[in-house]
Amino acid sequence: MNEIGANSEARAAAALLQVLQKRLDALVRSEGGEAEIVDEITSLLAAAPNSAWDIAAVIHQRYRQGDISAELFHSLAAKIGGGLPAADYGTTVGLQAPPMSRLASVARQAQPPTPPLEIGRVLRDRYVLEQRLGRGGMGTVFKALDSYRADLPEANQYVAIKILHGNSDNRLELLAKLRREFYCAQMLSHPNIVKVYELDRDGDVDFFTMELLDGELLSSVIERFRARAMHRPQALAVIRDIGAGLAHAHARGVVHSDLKPHNVMITHSGDVRILDF
C-alpha cells in the first residue's frame with residue numbers, strides 16, 4: 001500500500017471510529033439499536049480492514065468503563081466476531097460474522113515484508129528494542145526504551161515487549177493467544193500480577209507492552225536452593241503472594257491455566273509477580 005493509500009485508509013478509519021463511538025453513546029442513552037452498530041462496524045471493516053483491533057479496543061474499553069453491559073457486550077461480540085475479549089472468562093469469542101482476523105491477515109499479506117527483529121529496531125516510532133530477555137513458545141520478550149517516557153526518571157523509561165513469533169505456521173492461533181493473554185492481564189490490577197500497557201501492531205509485527213521487572217524467575221530461585229531448603233518464612237511469603245494474585249484473578253473469572261515457577265518473577269525488591277496469563 002502506498003503512502004497516499006495508507007493515509008486515506010487511516011483517515012477513513014478514524015472518521016468511522018468516531019461514528020462508532022457516537023452510535024455507542026446513543027445506545028447507552030437508549031437512542032439507538034445494536035443493528036446500527038453492527039452496520040457501522042461492517043462499513044468500518046470494509047473501508048479499513050486494518051481497523052479490526054481498533055474496533056475491538058473501542059468496544060472493550062466501553063465495556064470496562066461500565067457504558068456497556070456484559071449482556072450487550074456478549075451480544076455484539078457474537079454478531080461481530082473475532083478479536084473481542086470475552087467479558088467473563090478472558091477468552092476470545094468465536095467467529096460468526098466475516099472474521100476480523102481474516103481481514104487483518106489479508107491486509108498484512110498486502111503489506112511489504114517487515115524487517116527482521118533485531119536490537120535497535122524501532123516499533124511504532126516509539127519502542128527501541130535494546131535487549132532480548134527471553135523466548136517462549138508464543139513469542140520473544142525484549143527490553144525496550146519507550147520514547148514517550150523520555151521525561152521520566154531513567155529507571156521508568158523502559159518497558160518489556162512481548163512480540164509474537166512472525167514465521168509460525170499457526171500464526172493466527174498464536175495471535176489469538178497473544179490477545180487473550182493481554183486482555184486477561186488487562187482485566188486484572190493487583191500487586192502480584194504483572195501490569196500490561198498496550199496491545200499494538202507495527203507492519204506484520206504483533207506485540208504488547210508491559211512493566212519491565214528487574215528480578216529472577218522463581219524457577220531459577222528454586223534451582224539455586226536445590227542443594228538446601230529455602231527458609232520457611234521466605235517460601236511462605238512467596239506462596240502467600242502467588243495465592244493472593246490467583247484469588248484476585250479467579251474472583252474476576254480469569255484462570256491462569258499454566259501456573260509454574262517459570263511464570264512467576266521475584267523482583268530484586270522482593271515482590272512477587274505472576275506472568276503469562
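**Notebook: pocket, cores and helix H6**

I began with the secondary structure and noted eight helices and nine strands in the protein. The model is a predicted one, and I kept that in mind throughout. Of the 277 residues in the protein, 43% are buried. I then looked up contacts between residues at least 6 apart in sequence, and found that 56% of these join residues at least 24 apart.

**Entry: the second largest pocket**

I looked up the volume of the second largest pocket, which is about 1000 Å³. Its lining holds 40 residues, and those closest to the centre are Val141, Lys162, Asn263, Leu275 and Asp276. I next asked which elements give two or more residues to this lining, and listed strands S2 (127-135), S3 (139-146), S4 (158-164), S6 (205-211) and S7 (215-217) together with helix H6 (171-186). H6 gives the most, with five residues. By residue class, I recorded the lining as 17 nonpolar, twelve polar and eleven charged.

**Entry: Asn263 and Asp276**

I followed two of the residues closest to the pocket centre, Asn263 and Asp276. Asn263 sits in the loop between helix H8 (232-251) and strand S8 (264-267). Is Asn263 buried or exposed? I entered Asn263 as buried, because its relative accessibility is 2%, below the 20% cut-off. Beyond its neighbours within four places in sequence, Asn263 contacts His256, Asp258, Arg273, Ile274, Leu275 and Asp276.

Asp276 belongs to the segment after strand S9 (272-274). I classed Asp276 as partly exposed because its relative accessibility is 30%, a value between the 20% and 50% limits. Its phi is near 55°, which is positive in a residue other than glycine.

**Entry: Ser257**

I noted a positive phi at Ser257 as well, near 75°, again in a residue other than glycine. Ser257 lies in the loop between H8 and S8. Ser257 is exposed, because its relative accessible area is 70% and the limit is over 50%.

**Entry: helix H6 and the largest nonpolar core**

I checked the span of H6: its 16 residues reach 22 Å from first C-alpha to last, close to the 22 Å expected at 1.5 Å a residue. The buried residues of H6 are Arg171, Leu174, Leu175, Leu178, Arg179, Glu181, Phe182, Tyr183, Cys184 and Ala185. For reading such a list I kept in mind that an α-helix has 3.6 residues a turn, so residues three or four places apart point the same way.

I then turned to the largest nonpolar core, of 19 residues, in which Leu164, Leu178, Phe182, Val196, Phe208 and Met210 touch the most other members. Two or more residues come from each of S4, H6, strand S5 (196-202) and S6. Which element gives the most to this core? I found H6, with six residues. In soluble globular proteins, nonpolar side chains tend to be buried together.

I looked up Leu178 separately; leaving out residues up to four places away in sequence, Leu178 touches Met138, Lys162, Leu164, Asp206, Phe207 and Phe208. I also recorded a second, separate core of 17 residues, which includes Leu218, Ile242, Val264 and Ile266.

**Entry: His248**

My last look-up was His248, found in helix H8. I entered His248 as buried because its relative accessible area is 13%, under the 20% limit. Not counting residues up to four places away in sequence, His248 touches Leu188, Ser189, His190 and Ile193.

Definitions and conventions:
Residues numbered from 1 in each chain as written. Predicted model: local features only at pLDDT ≥ 70, side-chain atom pairs only at ≥ 80, totals over all residues. Heavy atoms only, no water. 1 Å grid on protein atoms, 1.4 Å probe; cavity = no way out; pocket = protein on both sides within 12 Å on 5 of 7 lines; lining within 4 Å. Points joined across faces, edges and corners; volume = space filled by probe spheres on them. Helix = DSSP H or I, 4+ residues; strand = E, 2+ residues; numbered from the N terminus. Nonpolar A, V, L, I, M, F, W, Y, C, P; charged D, E, K, R; others polar. Buried < 20%, exposed > 50% of the residue type's maximum accessible area, 1.4 Å probe, protein only. Contact = heavy atoms within 4.5 Å. Core = buried A, V, L, I, M, F, W, Y, C linked by side-chain atoms within 4.5 Å. Expected span 1.5 Å × (residues − 1).
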